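Hi there,

Here is the structure I promised to pass on to you. Have a look at it first, and then read on for my notes.

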Amino acid sequence: APLSAAMLTVLILFVEPPFAEGGVLNRYWSISTLGVAFASGCMAFLVNLSIFLVIGKTSPITYNVLGHFKLCTILAGGFLLFNDPLNSQQAFGITVTLGGIFAYTHFKLKESNQDTLTLPAKNRPQ
């Protein structure tokens with residue numbers, strides 16, 4: 001994120017001059033606008049923190065599976081709560097994705113239980 005911010009800071013000087021008419025630094029920013037921008041930054045930080053924690057506690061593959069579950073939840077929630085249209089291809093995709101997520105979870109839990117049951121001799125409590 002810091003590298004991206006530095007690159008965008010240099011790029012913005014050429015694409016959108018900040019002090020020109022209507023530029024980002026040449027306008028009045030209300031307290032509510034600054035609050036929303038600050039809240040957006042805080043949410044972005046929390047998203048990055050959650051990614052760090054999930055990957056640290058599990059694995060990048062589990063994080064990717066979690067992302068697919070989130071997408072399925074968004075699509076199904078839009079259909080159920082807001083009556084968004086859902087065609088048969090999307091419904092099939094959600095079903096197949098959820099099946100893969102459940103299978104992945106089942107095998108990960110089975111692997112985790114198997115590792116717990118077969119502790120090496122040096123790690124067993126006496």
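I'll begin at the end of a helix: right after α3, N83 adopts a positive phi of about 55°. That value stands out a little, since most residues other than glycine have a negative phi. N83 is not a glycine, yet its phi is near 55°. The residue sits in the loop between α3 and α4, and N83 is exposed, with a relative accessible area of 66%. Please keep in mind throughout that this is a predicted model.

**The overall picture**

The protein has four helices and zero strands, so its order along the sequence reads simply α-α-α-α. Its radius of gyration is 23 Å, well over the 14 Å that the globule rule gives for 126 residues, so the protein is more spread out than a compact globule. If you want a feel for the dimensions, the C-alpha trace spans about 70 × 50 × 25 Å along its principal axes. As for burial, 8% of the 126 residues count as buried.

**Helix α1 and its nonpolar patch**

Helix α1 covers residues 2–15, which makes 14 residues. From first C-alpha to last it reaches 20 Å, close to the 20 Å expected at 1.5 Å a residue. How many of its 14 residues are buried? The count is zero, and α1 is hardly covered.

There is also a nonpolar patch on the surface, formed by L8, V10, L11, I12, L13, F14 and V15. Together these residues have about 730 Å² of accessible area. V10, one of the patch residues, has its place in helix α1.

**Helix α3**

Helix α3 runs over residues 60–82 and has 23 residues. Its reach from first C-alpha to last is 32 Å, close to the 33 Å expected at 1.5 Å a residue. Unlike the zero count for α1, there are buried residues to list here: T62, V65, C72, G77 and G78.

L71 is also placed in helix α3, but at 47% relative accessibility L71 counts as partly exposed. If you are curious how L71 relates to the N-terminal part of the chain, L71 and M7 are 64 residues apart in sequence and 30 Å apart in space, C-alpha to C-alpha.

**Cysteines**

You may be wondering about disulfides, and how many the structure holds. The answer is zero. For two cysteines I can tell you how covered they are. C72 is buried, with a relative accessible area of 7%, whereas C42 is partly exposed, with a relative accessible area of 31%.

**Helix α4 and the salt bridge**

A search of the whole structure finds one salt bridge. Which side chains meet in it? They are those of K108 and E111, with a distance of 3.9 Å from N to O. In general, side chains of opposite charge can pair when their charged atoms come close.

Both K108 and E111 lie in helix α4 (residues 88–117), three residues apart, about one turn of the helix. An α-helix has 3.6 residues a turn, so residues three or four places apart point the same way.

Are the two partners covered or open? At 35% relative accessibility, K108 counts as partly exposed, and E111 counts as partly exposed at 40%. Buried would mean under 20% relative accessible area and exposed over 50%, so both residues fall in between.

One last distance may help you place helix α4, where K108 is found. The C-alpha atoms of K108 and P60 are separated by 13 Å, and the two residues are 48 residues apart along the chain.

**Where to look**

When you open the model, you could start with N83 in the loop between α3 and α4, then go to the K108 and E111 salt bridge, and finish with the nonpolar patch that includes V10 and F14.

Best wishes, and happy browsing!

Key. Residues are numbered from 1 along each chain as its sequence is written. This is a predicted model: local features need pLDDT of at least 70, side-chain atom pairs count only at pLDDT 80 or more; totals for chains, interfaces and linings use all residues. Side-chain values use heavy atoms; hydrogens and water are left out. Helices (H or I, at least four residues) and strands (E, at least two) are DSSP runs, numbered from the N terminus. The expected span of a helix is 1.5 Å times one less than its number of residues. Buried means under 20% relative accessible area, exposed over 50%, partly exposed in between (1.4 Å probe, protein chains only). Patches are made of residues with over 30% relative accessible area and no salt bridge: like charges are joined within 9 Å, nonpolar side chains (Val, Leu, Ile, Met, Phe, Trp, Tyr) within 5 Å. Accessible areas come from the Shrake-Rupley method with a 1.4 Å probe; for residues, only the protein chains shown count as cover. A salt bridge is a side-chain nitrogen of Lys or Arg within 4 Å of a carboxyl oxygen of Asp or Glu. A disulfide is a pair of cysteine sulfur atoms within 2.5 Å. The radius of gyration is taken over C-alpha atoms; the globule rule is 2.2 Å times the number of residues to the power 0.38.
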